[in-house]
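This report examines the packing and the empty spaces of one protein chain, shown below as a predicted model.

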Amino acid sequence: MERHFEEEFDRIKHKILTMGSLVEDQIRNAMTALVERDEALAQRVIENDRNVNALDVEIDEMSLDALVRYQPVAKDLRFVTTAMKISSELERMSDLAENICERSIELSEEPQLKPYIDIPHMAERARIMVKESLDAFVKMDSALARKVIQDDDFVDILTEQLFRELLSFMMENPKTISRAIRLSFISKYIERIADHATNVAELVVYMVEGKIIRHTIPPQAI
């Protein structure tokens, strides 16, 4: 029974990694669609969200089945419940990539407001946070998970800087308002992706150490 239990855990872990890889692609392609004003690619990202949704459902079903069949306890129970929550966080990240593409399609109908430098940089940092949080999950590495939590500050700072820059555009020229607002939305979507990666990292700390650290410890104290 123990061997079957471990095989089932490995299957769940593999599905999580597959879903995470798809989400990373969603983030990467959403940025490419924005920068290159590629409406066709943006539409593909929107359509591919259903593949992420399907994996979310599949992981939930596998995890519930494992709970019923094997009735895990302690660390094994934390693994299964964490996997279910991580799949939910990844599904929301894909939704946010879809939102980015919706705004990108709208922006492609107007002249570009500014060079896209900060936003792709933010998105890449958020994508790396997603990857590292999943690496921490697979390796059961709470130290790496805590690093991801700290990295969220960088994305937050860039979001605030970009908002101030976009605000100055709107104040100087009201004709830029619609474009600036859409770019502000995109930066907030990226910030939320980083937040979800942080949530995954916090779940990993719980899985490995049995400590619930969300909402309880200031980032500098983690």
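The largest pocket encloses about 160 Å³ of space. In this predicted model, its lining is made up of Phe-5, Glu-6, Phe-9, Asp-10, Lys-13, Lys-75, Asp-76, Phe-79 and Met-140. Two elements, helix 1 and helix 3, each give two or more residues to that lining. Helix 1 provides the largest share, 5 residues.

A closed space is also present. The count of cavities of 30 Å³ or more comes to 1, and the largest cavity has a volume of about 30 Å³. Arg-125, Ile-128, Met-129, Glu-132 and Asp-151 line this cavity. Helix 4 supplies the largest share of the cavity lining, with 4 residues.

**Aromatic pairs and charges over rings**

Two of the residues that line the largest pocket, Phe-9 and Phe-79, also take part in the aromatic packing. The structure holds 3 aromatic pairs. In one of them, the rings of Phe-9 and Phe-79 are stacked, because their planes stand at 20 degrees, under the limit of 30 degrees, with the centres 4.5 Å apart. Since Phe-9 belongs to helix 1 and Phe-79 to helix 3, this pair ties together parts that are 70 residues apart in sequence. Both residues are buried.

Phe-79 forms a further stacked pair with Phe-137, with 5.4 Å between the centres and 15 degrees between the planes. This pair links distant parts of the chain, with Phe-79 in helix 3 and Phe-137 in helix 4, 58 residues apart. Phe-79 has a relative accessibility of 6% and therefore counts as buried. Phe-137 is likewise buried, because its relative accessible area is 0%. Together, Phe-9, Phe-79 and Phe-137 form one aromatic cluster.

The table sets out the two stacked pairs described above.

| Pair | Centre to centre | Angle between planes |
|---|---|---|
| Phe-9 and Phe-79 | 4.5 Å | 20 degrees |
| Phe-79 and Phe-137 | 5.4 Å | 15 degrees |

Arginine side chains are also placed over aromatic rings. Arg-125, one of the residues lining the largest cavity, lies over the face of Phe-154 at 3.9 Å from the ring centre. Arg-78 is positioned over the face of Tyr-206, at 6.0 Å from the centre of that ring.

**The nonpolar core**

In soluble globular proteins, nonpolar side chains tend to be buried together. Here the largest nonpolar core has 69 residues, and Ile-186 and Ile-190 are those with the most contacts inside it. Two or more residues of this core come from each of helix 1 (2-35), helix 2 (39-70), helix 3 (74-107), helix 4 (118-139), helix 5 (142-172) and helix 6 (177-209). The largest share, 15 residues, is given by helix 6.

Which residues does Ile-190 touch, not counting residues up to four places away in sequence? The contacts of Ile-190 under that condition are Met-31, Ile-100, Ile-119, Met-122, Ala-123, Ala-126 and Val-155.

**Two serines and an arginine**

Ser-63 is situated in helix 2. Its relative accessibility is 0%, so Ser-63 counts as buried. With residues up to four places away in sequence left out, Ser-63 touches Ile-12, Val-80, Ala-83 and Met-84.

Ser-108 occupies the loop between helix 3 and helix 4. Is Ser-108 buried or exposed? At 17% relative accessibility, Ser-108 counts as buried, because the value falls under the cut-off of 20%. Not counting residues up to four places away in sequence, Ser-108 touches Arg-37 and Glu-39. A distance of 15 Å separates the C-alpha atoms of Ser-108 and Phe-185, which are 77 residues apart along the chain.

Arg-214 is found in the segment after helix 6. With a relative accessible area of 38%, Arg-214 is partly exposed, because this value lies between the 20% and 50% limits. The C-alpha atoms of Arg-214 and Asn-199 are separated by 7.7 Å, and the two residues are 15 residues apart along the chain.

Note on methods
Residues numbered from 1 in each chain as written. Predicted model: local features only at pLDDT ≥ 70, side-chain atom pairs only at ≥ 80, totals over all residues. Heavy atoms only, no water. Core = buried A, V, L, I, M, F, W, Y, C linked by side-chain atoms within 4.5 Å. Buried < 20%, exposed > 50% of the residue type's maximum accessible area, 1.4 Å probe, protein only. Contact = heavy atoms within 4.5 Å. Phe/Tyr/Trp six-rings, centres within 6.5 Å; stacked < 30°, edge-to-face > 60°. Lys NZ or Arg CZ within 6 Å of the ring centre and 35° of its normal. 1 Å grid on protein atoms, 1.4 Å probe; cavity = no way out; pocket = protein on both sides within 12 Å on 5 of 7 lines; lining within 4 Å. Points joined across faces, edges and corners; volume = space filled by probe spheres on them.
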